[in-house]
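The following exercises concern strand pairing, helix packing and nonpolar cores. Please work through each task with the structure at hand before reading its solution.

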Amino acid sequence: MFVKAFGSSVHGVDAITISIEVNVSMGQGYAVVGLPDSAVRESLHRTESAIKNMGFHMPRTKVIVNLAPADIRKSGSALDLPIALGILGASEQLDHAEKLKEFVVMGELGLDGTVNGIKGALPIAIQASKEGFRGLIVPKVNAKEASMVNGIEVYGVNSLKELVEFFSYEQLLQREEMDIRDHFFNDRYLFNTNFNEVKGQATAKRAMEIAAAGGHNIILVGPPGAGKTMLAKRLPTILPPLSLAEALETTKIYSVAGKLQHNAALISQRPFRSPHHTLSHIAMVGGGSNPQPGEISLAHHGVLFLDELPEFNRSVLEVLRQPLEERTISIARTRVSQEFPASFMLVASMNPCPCGYYNHGQKECTCESGQVNRYLNKVSGPLLDRIDLHITVGSIEFNDMTKDTVEEDSSIIRERVINARAIQADRYKGKSGIYTNAQMTTQQLRKYCKIDHANTHELESTMKSNHLSARAYDRILKVSRTIADLAGSEQISFDHFAEAVRYRCLDKEGWGASVKKNHSREEI
């Protein structure tokens with residue numbers, strides 16, 4: 001007998017519907033065809049054990065399982081459940097097998113017939129809804145995640161027997177339903193941190209606000225204990241909240257990567273990823289034999305924080321250059337090419353030298369000149385060129401730590417950021433892929449970042465006195481535009497430009513040379 005069931009296969013951050021065709025005929029042997037990987041081929045062993053332990057019997061005739069379309073590689077163990085249903089239907093142990101065409105079924109089987117969780121339930125549900133299936137049946141732990149999609153019935157199951165009873169005896173499963181909007185809007189502002197916990201550091205706080213308002217990348221340079229990590233971890237609290245579309249896209253990435261907790265639903269806050277400096281370039285951008293999202297994709301619509309930037313392998317840092325510009329990453333393999341989204345804000349921190357105390361004022365730097373230069377050169381010029389704000393974070397004074405003044409709350413800063421983002425949304429309306437000042441093209445830069453000709457002489461003097469390179473000019477204009485937006489100004493004034501210049505400490509010519517000169521004097 002021939003029976004067809006439907007499952008799904010995740011490729012990138014999207015899903016493809018798979019037809020599971022099962023034929024039981026005279027002969028002997030089991031086979032799975034249709035470009036399966038080893039995990040899919042092993043499913044027949046798991047399926048056989050699960051079928052027997054649930055009180056059914058495995059056919060002792062020839063069983064052929066075809067996974068169509070046959071030219072797409074199938075991987076993982078999530079097709080166990082539809083394969084088992086197909087075998088039971090083809091061996092006439094499942095009544096009303098014709099109902100299988102109405103559902104997409106996914107789940108990994110344990111040897112005892114229990115159904116284990118899968119990856120990618122959300123994109124699978126989205127695809128099933130698009131293709132007009134009546135319902136989706138997934139493991140119970142994934143049901144809440146899949147129920148975020150409208151227009152499809154979602155059922156969670158704990159065992160193969162439950163599913164057989166659902167099809168054969170019309171025993172009702174409890175439909176999983178969730179008010180996605182209620183869940184989403186209730187959790188958007190539930191943060192464990194707040195900017196009012198940061199004492200002092202007014203300049204750094206101002207720079208973080210500007211970075212949040214314009215979507216700019218930022219690097220913090222300062223000695224140990226100055227508060228660089230503390231500032232970075234609080235950046236998500238002042239970013240505009242995720243829109244519903246952004247939240248769904250972010251959740252889909254985490255679903256594919258298997259990063260959602262059991263019974264988790266929609267991600268309602270912007271991601272904050274802080275990988276250790278020992279990670280590989282594949283872990284950073286994604287990849288593997290079956291490509292998975294990397295850290296830059298997990299930070300999509302959020303923040304990627306690289307603490308102690310020079311400690312990262314240089315090859316890992318260099319792979320960031322293309323995603324920072326394109327905001328996507330393409331992973332190419334022999335048989336497949338997949339694209340993952342990677343629109344994130346880069347926040348980095350570093351010490352000014354290996355010991356951390358160059359130009360400290362209270363502690364003496366113990367590094368040698370060659371050692372300092374090697375440390376600084378670990379961060380390439382092209383990477384720094386993609387970071388708009390370079391901020392020097394000084395040590396916190398004792399008076400700042402002990403005084404009782406009330407620091408500004410994250411919610412107050414966030415309102416200013418949201419207002420500035422609204423100005424930018426109106427400015428770039430209808431321009432595909434452009435939402436913030438940091439994403440401006442060269443043509444848009446010339447159109448929206450004009451400086452009054454009356455200030456040309458002052459601009460030239462400022463550039464020369466700060467020894468700024470030509471490549472820094474465009475970045476300064478973008479930051480100036482954001483500062484003007486925060487001030488509600490249509491025109492960029494010289495004051496806006498001058499403030500932006502102060503946030504480019506690493507672009508000043510001779511920044512590294514001054515370190516070398518300082519150490520040379522000490523050695524003499």
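A nonpolar core is a set of buried Ala, Val, Leu, Ile, Met, Phe, Trp, Tyr and Cys residues joined through side-chain atoms within 4.5 Å. The model examined here is predicted.

**Exercise 1.** Determine which residues of the largest nonpolar core touch the most other members.

*Solution.* The largest nonpolar core holds 67 residues. Those touching the most other members are Ile 20, Val 65, Leu 85, Ile 137, Leu 160, Leu 163 and Phe 167. Helix 3 (residues 80–90) supplies the largest share of this core, 7 residues. A second, separate core comprises 49 residues, among them Leu 235 and Phe 497. Beyond its neighbours within four places in sequence, Ile 20 has contacts that include Val 3, Phe 6, Val 65, Leu 79 and Ile 83.

**Exercise 2.** Establish how strand 2 (residues 14–25) pairs with strand 1 (residues 2–11) and with strand 4 (residues 62–68).

*Solution.* Strand 1 and strand 2 pair in the antiparallel sense over 10 bridges, and His 11 has Asp 14 as its bridge partner. The two strands form a hairpin with 2 residues between them; in the turn, Gly 12 has a positive phi of about 70 degrees. Strand 2 also pairs with strand 4 in the antiparallel sense, over 7 bridges. Here Glu 21 is bridged to Asn 66.

**Exercise 3.** Classify the crossing of helix 4 (residues 121–130) and helix 10 (residues 244–257).

*Solution.* The two axes come within 7 Å and cross at roughly 120 degrees. Helix 4 and helix 10 are therefore oblique to each other. Their contact involves residues including Leu 122 and Ile 126 of helix 4 and Leu 248 and Lys 252 of helix 10. By type, the contact residues divide into 6 nonpolar, 2 polar and 1 charged.

How values were computed
Residues numbered from 1 in each chain as written. Predicted model: local features only at pLDDT ≥ 70, side-chain atom pairs only at ≥ 80, totals over all residues. Heavy atoms only, no water. Axes fitted to C-alpha atoms, helices over the stretch in contact; angles between N-to-C directions. Helix = DSSP H or I, 4+ residues; strand = E, 2+ residues; numbered from the N terminus. Parallel < 35°, antiparallel > 145°, perpendicular 65-115°, else oblique. Contact = heavy atoms within 4.5 Å. Nonpolar A, V, L, I, M, F, W, Y, C, P; charged D, E, K, R; others polar. Buried < 20%, exposed > 50% of the residue type's maximum accessible area, 1.4 Å probe, protein only. Pairing = 2+ DSSP bridges.
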